[in-house]
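Visitor: Could you take me through the charged pairs in this one? I'd like a close look at the salt bridges and what surrounds them.

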Amino acid sequence: MDFLLIVVYMILIYILAELIVNAIDVLAYELKIPESITSSVIASLVTTLPEFLVPLISFLKGSVDTTHIGLGSIFGDPMFLSMFGFGFMLLVIEAKYKRFKDLYDLTNILFFLFAFNIALLANFLSFKKPLVLLFLTIYLYFVYTQFKNRKTTGEEENEKLFFSKLGIKGYTKTLAVVQGFLVILTLPFVIDGLVLSIDGVSHLLGWDSYKSAIVFSPLATELPELSNAFIWARKGKLKSSIGNIVGSLVFQSCMPVSLGLWFTDWHIPNMLMVGGFLSILSTLIFSLSISKAINLRIGIIFIIFIIVLYFLYIL
């Protein structure tokens, strides 16, 4: 039964992702907000709420198991998104955009690489809590750079709001906000149901809290980001798709990590350290691929190899 519920919840999350992307696209067009901001800041903030709430709630509960779940989520989420998100984007680029030029500003990716390397390094440092201020500063500076540049992606277009398709006319901006807030209010309940179903499956398999968190938690929390990336890529908005993944990774490497540093002793087991290293490796491969330092197909093969290797390691 839990397996069937997982499928149902995944479908619901994709539908909600369609609605939130539609609302964001319409509102951005109406307010003349560049899609570089809507994808890397606004959409990523909306879809990364579960990644922030899962470790926060886990740490506040205070038990050993829930602390392990929180730490597993902090490292499992960026691992999952970097491997599957960037792997998917390379497949899309290989299939449709082989002759690309200036595909994405790679300096944005440096924010994630810098922050997540520090998060791994903090495992070996005696002082940890003061680093929280550094991570908050990194993320705020990332947001500042996105608003400072305010470059249009060339992908902005007038899209029809879903509520308008239901026969509701006028008040486009207000309806877009209402549609977005309805999704934001509904999404946590759907993800909570998915997490409960995943928890049931993990108990059925007899997995410990670390392994369950790093494998199953991202399946619940990263679906909105992956759905958004797929939806924007399907619409031909490749820069927005990449921007949403990168913006989400920057958030994940700063805000949930800050929670972990504040609420725990930040002693990271080898399983999570390996996952963190592979997140960085996947991101580097993607960056090298779209900068044409390595062939796209080689990049795809490398990321597939990383995915297979890691799941063989933890299973």
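Guide: Here is a walk through the salt bridges, followed by a short stop at a serine and at the cores.

First, the ground rules: this is a predicted model, where local features need pLDDT of at least 70, side-chain atom pairs count only at pLDDT 80 or more, and totals for chains, interfaces and linings use all residues. Residues are numbered from 1 along each chain as its sequence is written, and side-chain values use heavy atoms, with hydrogens and water left out.

Side chains of opposite charge can pair when their charged atoms come close. The cut-off here for a salt bridge is a side-chain nitrogen of Lys or Arg within 4 Å of a carboxyl oxygen of Asp or Glu. Searching the whole structure turns up 4 of them.

Let's start at D25. Its side chain meets that of K235 in a salt bridge, 3.5 Å from N to O. That pair links distant parts of the chain, 210 residues apart: K235 sits in the loop between α10 and α11 (238–263), and D25 in helix α1 (residues 2–31). Helices here are DSSP runs (H or I, at least four residues), numbered from the N terminus. D25 also forms a salt bridge with K237, whose closest N and O atoms are 3.3 Å apart. K237 is in the loop between α10 and α11 too, 212 residues from D25. With shared partners, D25, K235 and K237 end up in one network.

How covered are these residues? Take buried as under 20% relative accessible area, exposed as over 50%, and partly exposed as in between (1.4 Å probe, protein chains only). D25 is buried because its relative accessible area is 2%, and K237 is buried as well. K235, at 25%, is partly exposed.

Elsewhere, E94 and R297 pair up at 2.8 Å, N to O. E94 belongs to helix α4 (residues 64–96) and R297 to helix α13 (residues 296–314), so this bridge ties together parts 203 residues apart in sequence. E94 counts as buried, with a relative accessible area of 14%.

Back in helix α10 (residues 223–234) you'll find S227, which is buried at 6% relative accessibility. Leaving out neighbours within four places in sequence, S227 is in contact (heavy atoms within 4.5 Å) with Y14 and A17.

As for the cores, a nonpolar core means buried Ala, Val, Leu, Ile, Met, Phe, Trp, Tyr and Cys residues joined through side-chain atoms within 4.5 Å. The largest has 90 residues, and those touching the most other members include F75, I214 and W266. A second, separate core of 5 residues includes V26 and L161.

Definitions and conventions. Helix = DSSP H or I, 4+ residues; strand = E, 2+ residues; numbered from the N terminus.
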